[in-house]
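Biologist: Hello! I am new to this structure and would like to understand the words you use for it. Could you walk me through them?

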Amino acid sequence: MDFNFSEEQQMLRSTVRSFVDKEIMPNIAEWDREGKFDPSIMNRLAELGLMGVCIPEEYGGSGMDYNALAIVCEELERGDTAFRTSVSVHTGLNSMSVLQWGTEEQKQKYLVPQAKGEKVGAFGLTEPGAGSDVVALGTTAKRDGDHYILNGQKSWISLCDSADHFLVFAYTDKEKKHHGISAFIVERTFEGFSSKATKGKLGIRSGNTGELFFDNVKVPKENLLGEEGEGFKIAMASLDNGRFTVAAGAVGQIRACLEASVKYCHERETFGKPIGQHQLVKQMISNMEAGLQMSSLLVYRAGEMKNEGKRNTRETSLAKWQACDFANKAADDAVQVHGAYGYSDEYPVERYLRNSKAPVIYEGTREVHTLMQADYVLGYRQDKQLNKMLPAWEGK
């Protein structure tokens, strides 16, 4: 058991941290205030090879391990959740799903340009009436010769207006319930496709989130990912990857809360001494540190299991649940440490608090993960090997 990062991983962290400090930190307060998403950030991440950091080199990626993806997400979220979300969706939910389930033709057509950052991928599962209850999907796909005709709507889709490719889930046979859901790769340019951004969000305001609409969209049969009826299985496997990146991002947010709070503790004095010398402030600082360390261990353990090609649904669920809860609490405490100033956007911690709520909800609410973990312990739930597993890291 080795808890040390490799030299390559340490260099990656340094590169991403420097990028965040130079490209995101000076602008994020304004972007957040204006609800502005800057897609050029994605282009600059691509130039650094970060849009496909864990995708094999043969498919246009950097060929690093899955924990390298965790490092990227951790450092990006230290800047802002919006940019970690972009990588989570593009790499974790879309590209890694195509890597796991796609045909060679699909990998060449879609995965290669995404891994290079020439195209951007997104993920379309959630609907106005279907979140945790995936079987409640209303979107349908009917076979018509060499195409499927897609009709329906998706909501809360990250990169809705900026992605080129979408992994979309729809019923091909509603009578079969979750065995009747299929997955499709949908291009923005397909006739009948449209999108609309959602305004008025509590947090992640500098992220592009919204709705997708499918009005008799003709999807070539070659764009069916996996087999008909495998969509639910593909969606759950995709969420294993997405949740991993969300958990890693939460580690970055805890770190951001801790860094901001420690800095303020040394600047602010009350009752004749720095506030860091007050016991209950120390309690909040120590809780942040504990959450940071525990969350890191959970995340990088899950990443190591991915490196080994092992099923990691249980471990990733626990990491996502705990890390996001720790991040939410750390942000709340960071505002408290800053007192009245924490309630103002003069300091970043109010943004951290607003941003910290969404990850507790998406990709499995804390309630869903609570039940999953109980079911594992009680023996009600067991995970089997999938017929197509995420490839182990070639360096293992």
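Modeller: Gladly, beginning with one term: buried means under 20% relative accessible area, exposed means over 50%, and partly exposed is in between, with a 1.4 Å probe and protein chains only. This is a predicted model, in which local features need pLDDT of at least 70 and side-chain atom pairs count only at pLDDT 80 or more, while totals for chains, interfaces and linings use all residues. Residues are numbered from 1 along each chain as its sequence is written, and side-chain values use heavy atoms, with hydrogens and water left out.

Biologist: Why is Tyr-300 called buried?

Modeller: The relative accessibility of Tyr-300 is 13%. Buried means under 20%, so Tyr-300 counts as buried.

Biologist: And what makes Phe-5 partly exposed?

Modeller: Phe-5 has a relative accessible area of 32%. That value lies between the 20% and 50% limits, so Phe-5 is partly exposed.

Biologist: Why are Phe-5 and Tyr-300 called an edge-to-face aromatic pair?

Modeller: Rings of Phe, Tyr and Trp (its six-membered ring) pair if their centres lie within 6.5 Å; planes under 30 degrees apart count as stacked, over 60 as edge-to-face and the rest as tilted. By this rule the count comes to eight aromatic pairs. For Phe-5 and Tyr-300 the centres are 5.2 Å apart and the planes are at 80°, so the pair is edge-to-face.

Biologist: Which parts does this pair of Phe-5 and Tyr-300 tie together?

Modeller: Phe-5 lies in the segment before helix H1 (7–24) and Tyr-300 in helix H8 (residues 279–307), so the pair ties together parts that are 295 residues apart in sequence. Helices (H or I, at least four residues) and strands (E, at least two) are DSSP runs, numbered from the N terminus. Elsewhere, ring pairs link Phe-166, Phe-193 and Phe-214 into a cluster.

Biologist: How do you know that the charged end of Arg-13 sits over the ring of Phe-5?

Modeller: A charge sits over a ring if NZ of Lys or CZ of Arg is within 6 Å of the ring centre and within 35 degrees of the ring normal. The charged end of Arg-13 is 5.2 Å from the centre of the Phe-5 ring, which fits the distance limit of within 6 Å.

Biologist: What makes Met-1 exposed?

Modeller: Met-1, found in the segment before H1, has 92% relative accessibility. Exposed means over 50%, so Met-1 counts as exposed.

Biologist: Where is Gln-9, and is Gln-9 buried or exposed?

Modeller: Gln-9 lies in helix H1. Its relative accessibility is 10%, under the 20% limit, so Gln-9 counts as buried. Leaving aside neighbours within four places in sequence, Gln-9 is in contact (heavy atoms within 4.5 Å) with Asp-65, Asn-67, Ala-68 and Ile-71.

Biologist: What makes Gln-336 exposed?

Modeller: Gln-336, in helix H9 (residues 313–338), has 57% relative accessibility. Being over 50%, that value makes Gln-336 count as exposed.

Biologist: And why is Ala-197 called partly exposed?

Modeller: Ala-197 belongs to strand S6 (residues 193–197). With a relative accessible area of 24%, Ala-197 falls between the limits of 20% and 50%, so it is partly exposed. Not counting residues up to four places away in sequence, Ala-197 touches Cys-160, Asp-161, Asn-208, Thr-209 and Gly-210.
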